[in-house]
Every structure is written in C-alpha cells, then in structure tokens.
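Me: I keep running into labels like "buried", "tilted" and "exposed". Could we go through one structure and ask what earns each label?

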Amino acid sequence: MPPTIRLATLDDADQVQAIYAPYCHTPISFESEPPRVEEMRGRLAKVLGHYPWLLCEDGGEVVGYTYATQHRERAAYRWSVDTTVYVRQGRQRRGIGRALYTSLLAVLPLHGYLNAYAGVTLPNPASVGLHEAMGFQPVGVYRQVGFKCGTWYDVAWYQRQLQPRPVEPPPPRPLEEVRDTEAWVKALGSGLRLL
C-alpha cells in the first residue's frame with residue numbers, strides 16, 4: 001500500500017505522541033517532558049477545531065506529521081499561522097517532511113491564510129535546510145531564548161508568504177469548510193507526488 005497524506009483524527013494521538021516524544025529529550029523541542037497520549041489527544045482536538053493537522057501514513061504506521069496553529073492572539077494576526085513538522089526517528093531524510101510540508105503549504109491558502117512562520121532551534125542544519133527548500137526565508141533570531149540540556153539555545157524564525165495579500169482580506173475559513181473539497185484533495189496529493 002503506497003504512503004498517504006491525510007487529516008489527523010483523535011485516534012492518531014498514540015502514534016503522534018510516539019513520534020514527538022523522542023524530540024522532547026533534545027533541544028529540537030523546548031518541552032522538558034514528553035506529553036502523555038491523553039495530552040496529545042487534547043492538542044489534536046484543539047488544533048483540528050480550526051487548523052489542519054496532516055499525517056503521512058505508510059503501511060498503517062504514521063511516519064510523520066505537520067500542522068498549523070495560531071500565530072499570535074491579536075485579531076490582526078489571524079491571517080498568519082505557525083507551522084511545524086516532525087518525522088518518526090529512523091524515517092528522516094526520505095522526503096517525508098518535504099511531502100508533508102508541501103501538502104500543508106498547499107492547504108493553508110484554501111483557508112485564506114497568507115503567511116506561515118516556523119521556529120528552528122539552532123543548530124539544526126536539517127530543519128534549516130528543509131525550511132529554506134520549502135521557500136521559507138529567515139526573518140530573525142531569538143538569541144539564547146531557551147535553556148535545555150545545560151545549554152542556552154537560539155531559535156531562528158522563518159517566514160513564507162502563502163499567497164498575495166489582498167487589500168481587504170476575508171476572514172480565514174474554518175477547517176470544516178475546506179476539508180474534503182476537490183481543492184483539498186488536490187492539495188494533499190501535491191505532497192504525495194514527492195514520496
């Protein structure tokens with residue numbers, strides 16, 4: 001069975017948690033302890049109420065995920081999102097992250113989002129390379145913003161414009177209005193062509 005990219009469900013919480021947990025023991029994630037499966041289910045529920053959370057599944061196993069979340073709380077930021085991508089340990093450098101991001105970056109304009117942002121703990125040449133390959137451009141660095149594993153770490157911030165900015169943008173469309181449309185299916189398929 002070929003790999004698929006699909007919208008996550010709450011039933012995926014255990015596999016998502018298994019992918020994310022090892023990163024919590026590194027500076028890549030600033031969490032000190034891996035969230036429990038129940039916590040991850042709650043995070044999925046919170047994001048899926050408004051934003052896309054996509055999975056790459058291969059042979060029944062979730063091998064990576066990507067999602068978008070609110071960039072900032074103030075209303076003027078509502079056309080911008082923060083993005084992230086994680087790939088299961090041992091499955092990196094096979095195009096999964098690029099495929100997931102390709103689909104996510106194709107889905108986000110369907111909602112009406114205009115800007116995507118991503119933070120990368122430094123040093124992390126693989127993540128820097130992925131974001132730059134996906135069209136993200138560096139916009140700044142938070143110097144020594146996070147302390148973990150006995151070290152202070154910088155976080156580089158990247159931005160990608162998703163579509164032209166209209167003079168009067170309509171409010172972003174909720175997930176339920178966008179998912180399962182022809183454009184949604186096409187957007188998910190854009191990433192699959194890379195696998």
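**Where the labels come from**

Reply: Sure, let's begin with the rings: Tyr20, Tyr23, Trp53, Tyr65, Tyr67 and Tyr86 form one aromatic cluster. Keep in mind that this is a predicted model. Across the whole structure, a search turns up 10 aromatic pairs.

Me: What makes Tyr65 and Tyr86 an aromatic pair, and what kind of pair is it?

Reply: Their ring centres are 5.6 Å apart, and the limit for a pair is within 6.5 Å. The planes make an angle of 35 degrees. Stacked would need under 30 degrees and edge-to-face over 60, with the rest called tilted, so 35 degrees gives a tilted pair. This pair links distant parts of the chain: Tyr65 sits in strand 3 (residues 61–70) and Tyr86 in strand 4 (residues 80–87), 21 residues apart. Both Tyr65 and Tyr86 are buried.

Me: Why is the pair of Phe147 and Trp152 called tilted?

Reply: Their planes meet at 55 degrees, with the centres 5.1 Å apart, so the pair is tilted. Edge-to-face would take an angle over 60 degrees. As for their surroundings, Phe147 and Trp152 are each exposed.

Me: Let's zoom out. How do you know how compact the protein chain is?

Reply: Start with the parts: the protein chain has six helices and seven strands. In sequence order they run β-α-α-β-β-β-α-β-α-β-β-α-α. The radius of gyration is 16 Å, close to the 16 Å that the globule rule gives for 195 residues, so the chain is as compact as a globular protein of that length. Along its principal axes, the C-alpha trace spans about 45 × 40 × 30 Å.

Me: What share of the residues is buried, and what share of the contacts joins residues 24 or more positions apart?

Reply: Buried residues are 46% of the 195 in the protein chain. Looking at contacts with a separation of 6 or more, 69% join residues 24 or more positions apart. On the outside, the chain exposes about 10,400 Å², and carbon and sulfur atoms supply 52% of that.

Me: Why is Ala13 called buried?

Reply: Buried means under 20% relative accessible area. Ala13 has 0%, so the label fits. You'll find Ala13 in helix 1 (residues 13–20). Skipping neighbours within four places in sequence, Ala13 is in contact with Val37, Met40, Arg41 and Leu44. Take Arg41: Ala13 is 28 residues from Arg41 in sequence, but their C-alpha atoms are 5.0 Å apart in space.

Me: And why is Ala106 called partly exposed?

Reply: Buried stops at 20% and exposed needs over 50%, with partly exposed in between. Ala106 comes out at 28%, so it lands in that middle band. Ala106 lies in helix 3 and touches Ala187 and Ser190, not counting residues up to four places away in sequence. By contrast with those contacts, try Val63: its C-alpha is 20 Å from that of Ala106, and the two are 43 residues apart along the chain.

Me: Which residues of helix 6 are buried, and what do they pack against?

Reply: In helix 6, the buried ones are Trp184, Ala187, Leu188, Gly189, Ser190 and Gly191. The buried residues of this helix pack against strand 1 (4–7), strand 2 (53–58), helix 3 (96–111) and helix 5.

Me: What makes Cys149 count as exposed?

Reply: The cut-off for exposed is over 50%, and Cys149 has 51% relative accessibility, so it counts as exposed. Cys149 is in the loop between strand 6 (137–148) and strand 7 (151–161). Its phi is positive, about 55 degrees, although Cys149 is not a glycine.

Me: Why is Asp180 called exposed?

Reply: Asp180 has a relative accessible area of 58%, and exposed means over 50%, so the label holds. Asp180 also has a positive phi, about 70 degrees, without being a glycine. Its place is the loop between helix 5 (175–178) and helix 6 (182–192).

Me: One last label: how do you know that the peptide bond from Leu122 to Pro123 is cis?

Reply: Look at omega, which is near 0 degrees for that bond. Pro123 lies in the loop between strand 5 (115–122) and helix 4 (125–133).

Technical notes:
Residues numbered from 1 in each chain as written. Predicted model: local features only at pLDDT ≥ 70, side-chain atom pairs only at ≥ 80, totals over all residues. Heavy atoms only, no water. Helix = DSSP H or I, 4+ residues; strand = E, 2+ residues; numbered from the N terminus. Rg over C-alpha atoms; globule rule 2.2 N^0.38 Å. Buried < 20%, exposed > 50% of the residue type's maximum accessible area, 1.4 Å probe, protein only. Contact = heavy atoms within 4.5 Å. Areas by Shrake-Rupley, 256 points an atom, 1.4 Å probe, with all protein chains shown as cover. Phe/Tyr/Trp six-rings, centres within 6.5 Å; stacked < 30°, edge-to-face > 60°.
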